[in-house]
Amino acid sequence: MPAHALKRPTLLALCACVLVAQSMVAAINLLIPQLSSSSLHPSHTEILWTVDAYVIVFAGLLIPAGALGDRYGRKGALLTGLTLFAAGAATSALATAPAMLIAGRGLSGAGAALITPATLSILMQLSAPEHRVRSMGAWTLSIGLGGAAGNLGGGLAGQFLTWRALFAVMVPLAAVLAVAAALTVPRTERATAARPDPLGTLLLTAGLVAVLFGIIEGPTYGWSSARILGAFAAGALLIAAFTLHALRSAAPLFDPRVFASPRLRSASLGTATAFFGLFSLFFVNSQYLQGVKGFGPAVTGVAIMPLVFGMAVSQKLATRWAGHPRAVIGAGLALIGLGLLGASTADAGTPYAVFVCWLLVISAGAGLSMPALTVGVVTSLPAHQAGLGSGLGTTARETGAALGVAVTGTVLSAHTDLLHGLGPALRTAGVVVLGATALVVAGYGKRPEGARGTARATTTDRHPAASARSYGG
């Protein structure tokens, strides 16, 4: 397959796959009332696990899934992921008990963990350097569309259908996407010199799952509870064990010294910051529109659609200004923070049109910053590790999203009702985003390829033969 062979049907198929995978993160939120009163009779804890199982498995497996795609074939990883996603959706749709529903959500999350890094890695492999930011823009826009589509689909199912219908429709949809991917997506060169690292994969996955569990469940059990502190401690120990193992291994899952690159650290922090802000908004948005403004579930799903328009318009500017990533990222993240501060002024009397203006500011910031941040993470690693790079970037996204929900939820729970907690919650999120933006801008190098050179040097020092083969293809 020639190096720069990205065709429009391929781009559309890959973007559709990541859109569907991302949509299932948010879709379930608007179905919680229906699930609670369903024939499954789930407990409060089982409802939480139904929501969280997808995200925890999805984010926990992203880095190993990206590395597996690099080693064994990215197209194969994508098709396997779609199969698992469909199997999980079918399990959830046919669930006769809460445990079966939760297991289906987790299985779909594992599929999404294979789909997401594979799609981005294939785009990176096939895109010409001058078109890379445009391809990344389309990919990140698809993530935004996925969030909006999830809200819309969940709202429509909650108002007019059943929760089972939402899962059931995912099965034929995943089958159609698998056929489209099989026909339009070419196979890319594998990292044949690499060997599996089962111990490293186990340590890192378990560590990430433990940390994500602590973040997601912190507001529920209390940040100082033994369960949450134990989860964070276990996560830290497992990740430390992974780091020691990787530094001593001849063929690690990935070399932790890649984080010596300021570009990779800053791009990862920037990615997490953007999604921290976006999911802080998502967490309160449906509650505000339904509980305060009186919108129905379907109308609430439609009401968030302006986010997509803001991202689509600003993405074009991001492509035009791709040569100035530091400025583009700084401006985009600042818009997210300022938009959250603006949205924090909303109350029962705020017209929807005014609230939409703040949604547009936030979405414009996301559309402006995310393509450059995505390129910054993926190109900080050698070309043969594009899947791993996309896994790192998406892990940063999901971790930032989980933190956004956790922090916002914690602030809300400290107030008597939504109206009193909405402002403080969004102001807290806005201040966090603006503070992190300053760190990202300060740490982000001026040269677009500077960090990639650092990462390449690190890898070359350890495995010169493997690195030379990687850049030969």
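Q: In this predicted model, how far apart are the end C-alpha atoms of helix α8 (residues 198-221)?
A: Helix α8 has 24 residues. At 1.5 Å a residue, the expected span is 34 Å. The model agrees with that figure, since the end C-alpha atoms are separated by 32 Å.

Q: At which residue does α8 kink?
A: The kink is about 35 degrees. The proline P219 comes shortly after the kink. The residue at the kink is I215.

Q: Which residue follows α8, and what is the sign of its phi?
A: The residue after α8 is G222. Its phi is near 100 degrees, so the sign follows directly: positive.

Q: Where does H41 lie, and is H41 buried or exposed?
A: H41 sits in the loop between α2 (32-36) and α3 (44-72). Its relative accessible area is 63%. The cut-off for exposed is over 50%, so H41 counts as exposed.

Q: What is the phi of H41?
A: H41 is a residue other than glycine. Its phi is nonetheless positive. The value is near 50 degrees.

Q: How many disulfides does the model hold?
A: A disulfide needs two cysteine sulfur atoms within 2.5 Å. For C15, the closest cysteine sulfur is in C17, at 9.2 Å, which is too far for a bond. The count of disulfides is zero.

Q: Which of C15 and C357 is buried, and which is partly exposed?
A: Buried means under 20% relative accessible area, and exposed means over 50%. C15 has 9%, so C15 is buried. C357 has 45%, so the partly exposed cysteine of this pair is C357.

Q: Is L177 buried or exposed?
A: L177 belongs to helix α7 (residues 163-184). Its relative accessible area is 8%. The limit for buried is under 20%, so L177 is buried.

Q: Which residues does L177 contact, leaving aside its neighbours within four places in sequence?
A: One partner, C17, is 160 residues away in sequence. In space, the C-alpha atoms of L177 and C17 are 6.5 Å apart. The full set of these contacts is A16, C17, V20 and L82.

Q: Where is G106, and which residues does G106 contact beyond its neighbours within four places in sequence?
A: G106 is in helix α5 (residues 98-126). Its relative accessible area is 13%, so G106 is buried. The contacts are A53 and V57.

Q: What distance separates the C-alpha atoms of G106 and S92?
A: Along the chain, G106 and S92 are 14 residues apart. Their C-alpha separation is 9.6 Å.

Q: Which helix gives the largest share of the largest nonpolar core?
A: This core has 116 residues. Y54, L78, F85, F254, I336, L340 and F355 touch the most other members. The largest share is twelve residues, from helix α10 (residues 262-292).

Q: How many helices and strands are there, and what share of residues is buried?
A: The protein has 18 helices and zero strands. There are 473 residues in total. The buried share is 56%.

Q: What share of contacts between residues at least 6 apart in sequence joins residues at least 24 apart?
A: Contact here means heavy atoms within 4.5 Å. Among those contacts, the share is 83%.

Q: What part of the exposed area comes from carbon and sulfur atoms?
A: The protein exposes about 17,900 Å². Carbon and sulfur atoms supply 70%.

Terms used:
Residues are numbered from 1 along each chain as its sequence is written. This is a predicted model: local features need pLDDT of at least 70, side-chain atom pairs count only at pLDDT 80 or more; totals for chains, interfaces and linings use all residues. Side-chain values use heavy atoms; hydrogens and water are left out. A nonpolar core is a set of buried Ala, Val, Leu, Ile, Met, Phe, Trp, Tyr and Cys residues joined through side-chain atoms within 4.5 Å. Buried means under 20% relative accessible area, exposed over 50%, partly exposed in between (1.4 Å probe, protein chains only). Helices (H or I, at least four residues) and strands (E, at least two) are DSSP runs, numbered from the N terminus. The expected span of a helix is 1.5 Å times one less than its number of residues. The bend at a residue is the angle between axes fitted to the seven residues ending there and the seven starting there. Accessible areas come from the Shrake-Rupley method with a 1.4 Å probe; for residues, only the protein chains shown count as cover.
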